[in-house]
Amino acid sequence: MSTDTEVELERLLQARNQYPDRAAEIDAQIRARFMETHAILVLDSSGFSRLSQEQGIIAALAEIERMRGIVAPIVEAHQGSPFKLEADNVYAVFPSVERAIAASREMMRQLATIDKHVSIGIGYGDLIMISDGSCYQDVYGEEMNLASKLGEDLAETDEVLLTEAAVHQLRNERPKEHLPVSPPTAMTISNLTLQVYRLTSNS
């Protein structure tokens with residue numbers, strides 16, 4: 001079911017297509033109504049396909065539910081807002097990169113106790129937020145796309161990767177501290193070459 005804000009966004013986008021001469025005006029309305037700045041975390045659970053093949057889809061879905069039961073309270077404890085639970089992925093936004101990092105560390109620590117392993121991507125930037133009034137339902141934006149590529153495609157098991165924008169914001173949040181990230185590594189995916197940072201074990 002479409003949310004009120006989703007319907008409103010669709011209406012504005014349709015108007016933009018219908019009246020291209022008003023594109024700048026409508027873009028400004030969309031930014032003012034829907035755009036917010038957040039850190040975004042995308043988590044991908046490892047081993048879902050293997051578990052499904054070995055034990056069946058019901059057992060795999062039960063494990064996903066178990067994983068979500070651990071991850072969701074951690075997101076909320078770090079002032080995050082989960083907005084999508086899709087198969088073995090979890091998507092959430094946070095008020096800062098530092099809180100997203102803290103949440104990712106806690107997720108990995110707690111999931112390891114039940115022998116569950118994940119890959120995580122973290123981005124930061126302006127995002128178009130869709131909500132139903134009480135919670136976010138979906139998110140659109142370049143950093144959403146990049147965090148998804150990092151978490152779902154590029155990060156290894158038990159690895160957290162950050163975008164350039166996320167590391168730049170982390171420098172703003174912790175200007176006098178050594179950042180817990182490795183030097184950047186160039187990675188290519190979908191014809192994009194990205195400068196990617198790995199979260200290190202240092203706090």
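This tour moves through a predicted model, one selection at a time.

**First stop: strand S3**

Begin by selecting residues 89-94, which make up strand S3, and notice that 6 of the 6 residues are buried, so the strand is largely enclosed by the rest of the structure. In a regular strand the side chains alternate between the two faces of the sheet. Here both faces are covered, with Asn89, Tyr91 and Val93 buried on one side and Val90, Ala92 and Phe94 buried on the other.

Next, add strand S1, residues 35-45, which runs antiparallel to S3 and is joined to it by 6 bridges; to find the register, look for leucine 43, which stands opposite valine 90 of S3. Then add strand S2, residues 81-86, which is also antiparallel to S3 and is connected to it by 5 bridges, with serine 81 having valine 93 as its bridge partner. S2 and S3 form a hairpin with 2 residues between the strands, and in this hairpin alanine 87 takes a positive phi near 50°.

**Second stop: rings and charges**

Staying with these strands, select phenylalanine 83 and tyrosine 91, both of which are buried. The structure holds 1 aromatic pair, and the rings of phenylalanine 83 and tyrosine 91 have centres 5.9 Å apart and planes at 45°, so the pair counts as tilted. If you now show lysine 84, you will find that this residue lies over the face of tyrosine 91, at 5.1 Å from the ring centre. Elsewhere, arginine 33 lies over the face of phenylalanine 34, and here the distance to the ring centre is 5.1 Å.

**Third stop: from helix H1 to helix H2**

Keep arginine 33 selected and add glutamate 8, for these two residues form a salt bridge in which the closest N and O atoms are 3.2 Å apart. Glutamate 8 belongs to helix H1 (residues 4-18) and arginine 33 to helix H2 (residues 23-34), so the pair ties together parts that are 25 residues apart in sequence. Glutamate 8 is partly exposed, with a relative accessible area of 24%, and arginine 33, at 41%, also counts as partly exposed.

**Fourth stop: helix H4**

Move on to helix H4, residues 57-77, where isoleucine 57 has its place. Together with Ile58 and Leu61, Ile57 forms a nonpolar patch on the surface, the three having about 320 Å² of accessible area together; isoleucine 57 itself is partly exposed, at 43% relative accessibility. Further along, arginine 66 and glutamate 63 both lie in H4, 3 residues apart, or about one turn of the helix, and they form a salt bridge whose closest N and O atoms are 3.6 Å apart.

**Last stop: strands S6, S7 and S8**

Finally, select strand S8, residues 192-198, and its antiparallel partner S7, residues 185-189, which pair over 5 bridges, with threonine 185 standing opposite valine 196. S7 and S8 form a hairpin with 2 residues between them, and serine 190 in the turn has a positive phi of about 50°. Strand S6, residues 159-162, is joined to S8 by 2 bridges and runs antiparallel to it; leucine 162 stands opposite tyrosine 197.

Across these strands, look for the salt bridge between arginine 198 and glutamate 159, in which the closest N and O atoms are 2.7 Å apart. Arginine 198 lies in S8 and glutamate 159 in S6, so the pair ties together parts that are 39 residues apart in sequence. Arginine 198 is partly exposed, with a relative accessible area of 27%, whereas glutamate 159, at 14%, counts as buried.

Methods. Residues are numbered from 1 along each chain as its sequence is written. This is a predicted model: local features need pLDDT of at least 70, side-chain atom pairs count only at pLDDT 80 or more; totals for chains, interfaces and linings use all residues. Side-chain values use heavy atoms; hydrogens and water are left out. Patches are made of residues with over 30% relative accessible area and no salt bridge: like charges are joined within 9 Å, nonpolar side chains (Val, Leu, Ile, Met, Phe, Trp, Tyr) within 5 Å. Accessible areas come from the Shrake-Rupley method with a 1.4 Å probe; for residues, only the protein chains shown count as cover. A salt bridge is a side-chain nitrogen of Lys or Arg within 4 Å of a carboxyl oxygen of Asp or Glu. Helices (H or I, at least four residues) and strands (E, at least two) are DSSP runs, numbered from the N terminus. Buried means under 20% relative accessible area, exposed over 50%, partly exposed in between (1.4 Å probe, protein chains only). Two strands pair if DSSP finds at least two bridges between them. Rings of Phe, Tyr and Trp (its six-membered ring) pair if their centres lie within 6.5 Å; planes under 30 degrees apart count as stacked, over 60 as edge-to-face and the rest as tilted. A charge sits over a ring if NZ of Lys or CZ of Arg is within 6 Å of the ring centre and within 35 degrees of the ring normal.
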